[in-house]
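These are my notebook entries on one chain. I record below what I looked up, entry by entry.

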Amino acid sequence: MTTEAIFQTQLIQKAWEDPSFKAKLLSDPKSAIKEMLGVRIPDHIEIVTLEENPNELYLVIPPNPSGVIQSEAKERAIW
């Protein structure tokens with residue numbers, strides 16, 4: 001499991017257990033993340049939090065890997 005996945009799992013678990021944290025995570029995610037994990041998100045990064053319901057499905061499309069600078073890619077690297 002990646003560090004990102006671990007952090008997401010911790011945030012979701014805390015939101016399920018603590019309604020006030022959930023409200024803060026929905027309204028001010030950067031502040032809530034810093035408060036819980038001690039991680040400061042840079043200003044140029046935008047975080048959008050959404051609460052799913054049983055009748056919705058969110059499909060998140062990640063950035064296209066072709067946007068990665070070629071010189072940074074290792075010849076044997078697998079995306």
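**Entry on Leu25.** I began with Leu25, which is buried, with a relative accessible area of 13%. I count Leu25 as buried because its 13% falls under the 20% cut-off. I located Leu25 in helix H2. I then took its C-alpha separation from Val48: the two residues are 23 apart in sequence, and 9.4 Å lies between them in space.

**Entry on the model.** I note that this is a predicted model. For confidence, I found a chain average pLDDT of 87, with 85% of the residues scoring at least 70. I also looked up the elements of the chain, where H2 has the highest mean pLDDT, 97, and H1 the lowest, 93.

**Entry on the fold.** I listed three helices and zero strands for the chain. Along the sequence I read the pattern α-α-α. I looked up burial for the chain as well: of its 79 residues, 10% are buried.

**Entry on Met36.** Is Met36 buried or partly exposed? I found a relative accessible area of 30%, and Met36 is therefore partly exposed, given that the partly exposed class runs between 20% and 50%. I placed Met36 in helix H3. Its C-alpha lies 7.9 Å from that of Leu11, and 25 residues separate the two in sequence.

**Entry on the largest pocket.** I next examined the largest pocket and recorded a volume of about 1100 Å³. Which residues lie nearest the centre of the largest pocket? I noted Gln8, Leu11, Ile12, Val48 and Thr49, out of a lining of 25 residues. Two of these names had already appeared in my distance checks: Val48 in the pair with Leu25, and Leu11 in the pair with Met36.

I then asked where the lining comes from. Helix H1 (3-17), helix H2 (19-27) and helix H3 (29-37) each supply at least two residues of the lining of the largest pocket. I found that H1 gives the largest share, nine residues. By class, I recorded 18 nonpolar, three polar and four charged residues in this lining.

**Entry on rings and charges.** How many aromatic pairs does the structure hold? I found zero. I did find a charge over a ring: the charged end of Lys14 sits over the ring of Phe21, 5.8 Å from the centre of that ring. For the distance part of this assignment, I note that 5.8 Å is within the 6 Å limit.

Definitions and conventions
Residues are numbered from 1 along each chain as its sequence is written. This is a predicted model: local features need pLDDT of at least 70, side-chain atom pairs count only at pLDDT 80 or more; totals for chains, interfaces and linings use all residues. Side-chain values use heavy atoms; hydrogens and water are left out. Rings of Phe, Tyr and Trp (its six-membered ring) pair if their centres lie within 6.5 Å; planes under 30 degrees apart count as stacked, over 60 as edge-to-face and the rest as tilted. A charge sits over a ring if NZ of Lys or CZ of Arg is within 6 Å of the ring centre and within 35 degrees of the ring normal. On a 1 Å grid over the protein atoms alone, a cavity is a set of points where a 1.4 Å probe fits but cannot get out, and a pocket is an open set with protein on both sides within 12 Å along at least five of seven lines; lining residues have an atom within 4 Å of a point. Grid points are joined across faces, edges and corners, and a volume is the space filled by probe spheres set on the points. Helices (H or I, at least four residues) and strands (E, at least two) are DSSP runs, numbered from the N terminus. Ala, Val, Leu, Ile, Met, Phe, Trp, Tyr, Cys and Pro count as nonpolar, Asp, Glu, Lys and Arg as charged, and the others, Gly among them, as polar. pLDDT is the predictor's confidence in each residue, from 0 to 100. Buried means under 20% relative accessible area, exposed over 50%, partly exposed in between (1.4 Å probe, protein chains only).
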